[in-house]
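Let's look for empty spaces inside a protein, and then at a patch on its outside. Have the structure open while you read.

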Amino acid sequence: MNDKKFYITTPIYYPSDKLHIGHAYCTVATDAMARYKRLCGYDVMFLTGTDEHGQKIEDKAKEAGVTPKEYVDNIVEGPKGVLDLWKLMNISNDRFIRTTDGYHVSAIQKIFKQMYDNGDIYKGTYKGKYCKPCESFWTESQLVDGKCPDCGRDVVDAEEEAYFFRLSMYADRVRRLLEDTDFLEPRSRVHEMVNNFIKPGLEDLCVSRTSFTWGIPVDFDPGHVVYVWIDALSNYITALGFMNDRYDDYEKYWPADVHFVGKEIVRFHSIIWPAMLMSLGEPLPKKVYGHGWLLLGGGKMSKSKGNIVDPYLLSERYGVDALRFFLLRSFPFGSDGNFTNELLIQTINVDLANDLGNLVSRTTAMAEKYFGGKLPEAKQSAELDKELISLTTGLRARYEEQMERFQFQNALEEVFKVVQRANKYIDENAPWTLAKDMEANGPRLAHVLYNLLETVRVCTVLLTPFMPESCEKIFAQIGAGPDAQTWDSAAQWGVLPAAVSVAKGENLFPRIDLNKELAELDRIQEEAKKAALPAIEIEPQLEEKVDFDTFCKSDFRAVKVKDCQNVKKSDKLLKFTLDDGTGADRQILSGIAKWYKPEELIGKTLVAIVNLPPRKMMGQESQGMLISAVHTEKGEECLHLLMVDDAIPAGAKLC
C-alpha cells in the first residue's frame, strides 16, 4: 500500500462556449504537478470538472432556445467542449465532476441542511448588489466605481428572500488561518484578502436564490436554490464520496494537498471555503495557490482580443507539448503573464528547437554516423566531463526544490541550464574532429556521446510532466528503457547501458520562420473574423443610369428630430416632427417602426429629401423622405437610418 498520497484540484470550470488557451492554463499546470508527483512515486488524485448551475447558465440557455441541461451537455461533452479540450491538452485527471451529477446534487442538499441544522445558515432577505457574470454578491462599499471589483462589469440591484451563511462568525478564525499559516500562496494574495475583505468587516453570505430555478433545490424549502459557490466549492469533497455513496475515498485523500485557482476566485477558496468546512467540522485543505492570468494587451484573455488564442489551432500548428511547455516556461505561475503569438514562437524556437531539439538531434545523429547507432563500451573520463556530469547529477534536487514550491518556470530554467551546458560540451569536445582519427580517438568519442545521452536522459525524465509525448519519443531515440525513465534514476549517473543503442528519429521541434508565421497567423485571424460576421445580402445596383442634372434636382437636407410617435392603427409607420432649418416644422412619415422605437430617435440628426411632392399615408401628410440603408441579414431585412454628426445644423444641404 502506497502511503504517499497527493490530492490536487483545479477549480471546476464554468462551461463557456468560447474556450481559449487561458482556460487550459491552470489545468495544464495542475496536470504537470500531478504527473510530477506520480513520477515521485505518489498515489495521486487529480480532480477537475465543470460548474454548471446559476443564473447566467439559465439566461444563456434561454437565449439559445434550449434547456439549461441541454446547454451545458453540449458545451461539456459536445465537439470542442471541455472534455475535448482536456483530451487535446493531454490532461491526466483521475476524476471529472459535473455539478449536475446526481450524487453531487444530493450531497449538496445534505451539506446545506447540516450547516442549517448547526445554526450557521438562517433565513432573511437579501438586498444589495449582484454581479451576474461572477455570480457574486457585493456591498456598496466593495464596488469599484460602482462596478464589480472582480470583473469590472455592471452589477444589478437584487432583493429577495434568501438564506444566509454566518460567515461573519468565522472571520477571526479565517484571518488567523491566512495570516499565521502558509494556507494561501503567494503571500501577496493574503494581503489582498485580509485588507480588502476581512478588515472592512466580513458580512454574512447570501447562500440561496429565489429569482431563478437552475440550481440545486434547498430540499426543505423548495422555492430556494443553493447559491452556486456553495454548490461549486463543495465539489472537492463530494467527488471523493463526502455525503454520497458514489465514491468512498474521502478518508484516503482528504484534506487536499493543494487547490490551484485563478486569482479572481481566491476570495471564495480562501475565505468562504474554509469557513464552510469549519461549519461542517471537516479538515481544511493544506493549501490554496492563486495563480495569475494570461493577459492579452494588458487585459484578461478573451476571444475578442487580437491574438490567436484557439488551443486547437495552436496545437495543430505547433504541437500540444510545445503549447504546454510554453504556458509553464514563459510565465511565473503566481503572476500575470502577457501572451503574444510572437512570444510563443520565440519560446519554441529558442528552447525547444535551438536548445533541446538541437541537443537530441546532434547527439543521436553523431551516434548513428560514427558508430552505426550502437556505442562501444568505452570509458575515457576527462577534465572536460566533470562540470557537465556534476551539473546533471545535481539537477534533480534543484528541480525538485522549485516544483515543490509550484515554481514551474524556475524548475524548467534549471533543466535548460543543463541542456545549454550540454550543447556547449559538444562544441568543447568537437566530436567531428575526434572522428577524423577513430583508431586513436574512438573510445573518447564514444564516451563524449555517452555523456551527452545520459544528460539528455536525465533532462528528459524531468521534462516528462510538461511534455509527456515528446519525452516518450526522446527516450526511444536515446535507447532509454523503463528503468532509465524513473524519478530515482534522474539522480544517478551511468544508468544507460554503456553499449546503448541509439536511433535518430524525427525532428521533434522544427524551427519556425517567425515573420512568415506571424503573417500567416494574422491572415488566419482575419479570415476567422470575416467568417464570424453574419452573412449579409446587398441589393444589386440598378443598371439604369440617372443623368447628373436630374440627380441635382433632389434636395438632401440635414433635419433634426423634434418629436417622433407611432401612427395609430399602423404597425409600420412612425410620424416625425422635424426641424429643417426653415423655422416651420416639417412632418414626414416613415415605415420603420419595425426597427426603431420613437423615443430613441428624438434629438438625432437625419437626412431627408425635402422637395418631393407631399403624399397622404394613413390619412396624414408626409412632406419628404428620410434616407436609410437596407440589407438582408440571415434572411431578414434590416434597415438603418442615415444619421449624421449632430454638429451639422438643421437645414444644411448635403451635396
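Picture a 1 Å grid over the protein atoms alone: a cavity is a set of points where a 1.4 Å probe fits but cannot get out, and its lining residues have an atom within 4 Å of a point. Points are joined across faces, edges and corners, and the volume is the space filled by probe spheres set on them. This is a predicted model, where local features need pLDDT of at least 70, side-chain atom pairs count only at pLDDT 80 or more, and totals for linings use all residues. Residues are numbered from 1 along each chain, and side-chain values use heavy atoms, without hydrogens or water.

The structure holds 3 cavities of 30 Å³ or more. Here are two of them:

| Cavity | Volume | Lining by class |
|---|---|---|
| Largest | about 80 Å³ | 5 nonpolar, 5 polar, 2 charged residues |
| Second largest | about 50 Å³ | 7 nonpolar, 3 polar, 2 charged residues |

In these counts, Ala, Val, Leu, Ile, Met, Phe, Trp, Tyr, Cys and Pro are nonpolar, Asp, Glu, Lys and Arg are charged, and the others, Gly among them, are polar.

Which residues line the largest cavity? Among them are Leu356, Ile474, Lys504 and Phe509. Helix α14 (341–371) gives the most to this lining, with 4 residues; helices are DSSP runs (H or I) of at least four residues, numbered from the N terminus. The second largest cavity is lined by residues including His53, Tyr130, Arg209 and Trp214.

Now for the outside: Phe548 lies in helix α22 (residues 548–552). Phe548 is exposed (over 50% relative accessible area, 1.4 Å probe, protein chains only), at 62%.

Terms used. 1 Å grid on protein atoms, 1.4 Å probe; cavity = no way out; pocket = protein on both sides within 12 Å on 5 of 7 lines; lining within 4 Å. Helix = DSSP H or I, 4+ residues; strand = E, 2+ residues; numbered from the N terminus. Buried < 20%, exposed > 50% of the residue type's maximum accessible area, 1.4 Å probe, protein only.
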